[in-house]
Amino acid sequence: MTIQIAPSLMSADFTRLADEIATVESVADLLHLDVMDGHFVPNMTIGPAVIKACRKVSKLPFDCHLMIEHPQDYIGAFLDAGADMISIHIEAEPHLQRALQMIRDGGAKAGIAINPATPAESLSTAIEFCDYVLVMTVNPGFGGQKFIEPVVPKIRQIHRMVVERGLKVAIEVDGGIDATTAPAVVSAGATVLVAGSAVFGQKDRRRAIEMIRNAVVSVKA
């Protein structure tokens with residue numbers, strides 16, 4: 001089982017983004033970019049313009065997590081900015097299948113993001129239309145939060161849904177992920193780990209990523 005590590009740029013130093021990206025460029029599998037609008041979540045971060053600028057200094061696949069209202073209205077802008085993956089929240093998009101198809105039609109992988117309190121059953125009629133599910137293990141809006149342990153059984157439930165339906169849908173986990181919490185989510189079925197402060201909060205980013213990889217190298221779902 002291949003585990004991918006996606007450092008979250010939200011925890012980086014925004015005064016020197018190019019330099020920060022360079023510290024993970026050769027060791028990360030993806031670069032996770034959190035987009036917040038101050039409405040769907042109580043915080044504001046970056047938009048397409050910043051992502052487009054980052055695209056010029058990185059060859060990593062860009063994993064864009066849209067924590068915004070009316071995400072369908074902005075899919076085109078993020079595709080144009082260079083997103084390789086775009087996840088939208090099931091809680092924010094009433095026309096989910098249509099939005100996911102727009103992402104795929106634009107050449108990117110389509111993801112469904114799901115908040116900690118949202119049940120796995122909410123995915124039952126949409127999971128076939130996505131390439132990955134992004135499970136939040138903190139309430140979205142801010143970095144550095146504590147991992148919500150009761151979400152782990154939900155990851156296992158989503159993994160079971162994927163297996164039983166014979167789908168090629170990856171499970172990504174975001175929130176409080178580090179070398180201590182990573183084994184639990186990987187054993188539940190996650191294969192993509194988003195790590196913010198556990199990577200960008202450390203002086204040696206290569207070692208930080210290697211610590212997470214080493215923590216899950218022998219874990220089986």
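Visitor: Why is C130 not bonded to the closest cysteine, C64?
Guide: The sulfur of C130 lies 17 Å from that of C64, its closest cysteine sulfur, and this is too far for a bond. A disulfide is counted when two cysteine sulfur atoms are within 2.5 Å. Please note that this is a predicted model, in which local features need pLDDT of at least 70 and side-chain atom pairs count only at pLDDT 80 or more, while totals for chains, interfaces and linings use all residues. Residues are numbered from 1 along each chain as its sequence is written, and side-chain values use heavy atoms, with hydrogens and water left out.

Visitor: How many disulfides does a search of the whole structure find?
Guide: The search finds zero disulfides. C54 is in none either, as the nearest cysteine sulfur, in C64, is 9.4 Å away.

Visitor: Are C54 and C130 buried or exposed?
Guide: C54 counts as buried, at 4% relative accessibility. C130 is buried as well, with a relative accessible area of 2%. Buried means under 20% relative accessible area, exposed means over 50%, and partly exposed lies in between, using a 1.4 Å probe and protein chains only.

Visitor: Let us step back. How many helices and strands does the chain have?
Guide: The chain has eight helices and eight strands. These are DSSP runs numbered from the N terminus: helices are H or I with at least four residues, and strands are E with at least two.

Visitor: And how compact is the chain for its 221 residues?
Guide: Its radius of gyration is 16 Å, close to the 17 Å given by the globule rule, so the chain is as compact as a globular protein of that length. The radius is taken over C-alpha atoms, and the rule is 2.2 Å times the number of residues to the power 0.38. The C-alpha trace spans about 40 × 40 × 30 Å along its principal axes.

Visitor: What share of the chain is buried?
Guide: Buried residues make up 52% of the 221 residues. As for contacts (heavy atoms within 4.5 Å), residues 24 or more positions apart account for 64% of those with a separation of 6 or more.

Visitor: Now to the strands. How many residues of β3 are buried?
Guide: Strand β3, residues 62-67, is mostly covered, with six of its six residues buried. F62, C64 and L66 point one way from β3, whereas D63, H65 and M67 point the other way. In a regular strand the side chains alternate between the two faces of the sheet.

Visitor: Which strands pair with β3?
Guide: Strand β2 (residues 31-36) pairs with β3 in the parallel sense over six bridges, and L31 has F62 as its bridge partner in β3. Between these two strands the chain crosses through helix α2 (residues 48-55), in a right-handed β-α-β crossover. β3 also runs parallel to β4, joined by four bridges, with M85 in β4 as the bridge partner of D63. Two strands pair if DSSP finds at least two bridges between them.

Visitor: What links β3 to β4?
Guide: Helix α3 (residues 75-81) forms a right-handed β-α-β unit with β3 and β4. Right-handed means that, with the strands pointing away from the viewer, the path from the first strand over the helix to the second runs clockwise.

Visitor: Why is β5 described as largely enclosed?
Guide: Five of the six residues of β5 (residues 109-114) are buried, so the strand is largely enclosed by the rest of the structure. Five bridges join β5 to strand β4 (residues 85-89), and the two run parallel. The route from β4 to β5 passes through helix α4 (residues 96-105), and this β-α-β crossover is right-handed.

Visitor: And how does β5 pair with β6?
Guide: β5 and β6 (residues 132-136) pair in the parallel sense over four bridges. Within β6, Y132 is the bridge partner of G111.

Visitor: Where is T137 placed?
Guide: T137 is in the loop between β6 and α5 (152-164), and counts as buried at 0% relative accessibility. A polar atom of its side chain lies 2.7 Å from the backbone oxygen of G175. Leaving aside neighbours within four places in sequence, T137 is in contact with residues including P116, F147, V173 and I177.

Visitor: One last residue: is P119 buried or partly exposed?
Guide: P119 counts as partly exposed, at 43% relative accessibility. P119 sits in the loop between β5 and β6 and touches I114 and K154, not counting residues up to four places away in sequence.

Technical notes
A polar contact is a pair of N or O atoms within 3.5 Å; within protein, one must be able to donate a hydrogen and the other to accept it, and residues adjacent in sequence count only if both atoms are side-chain atoms.
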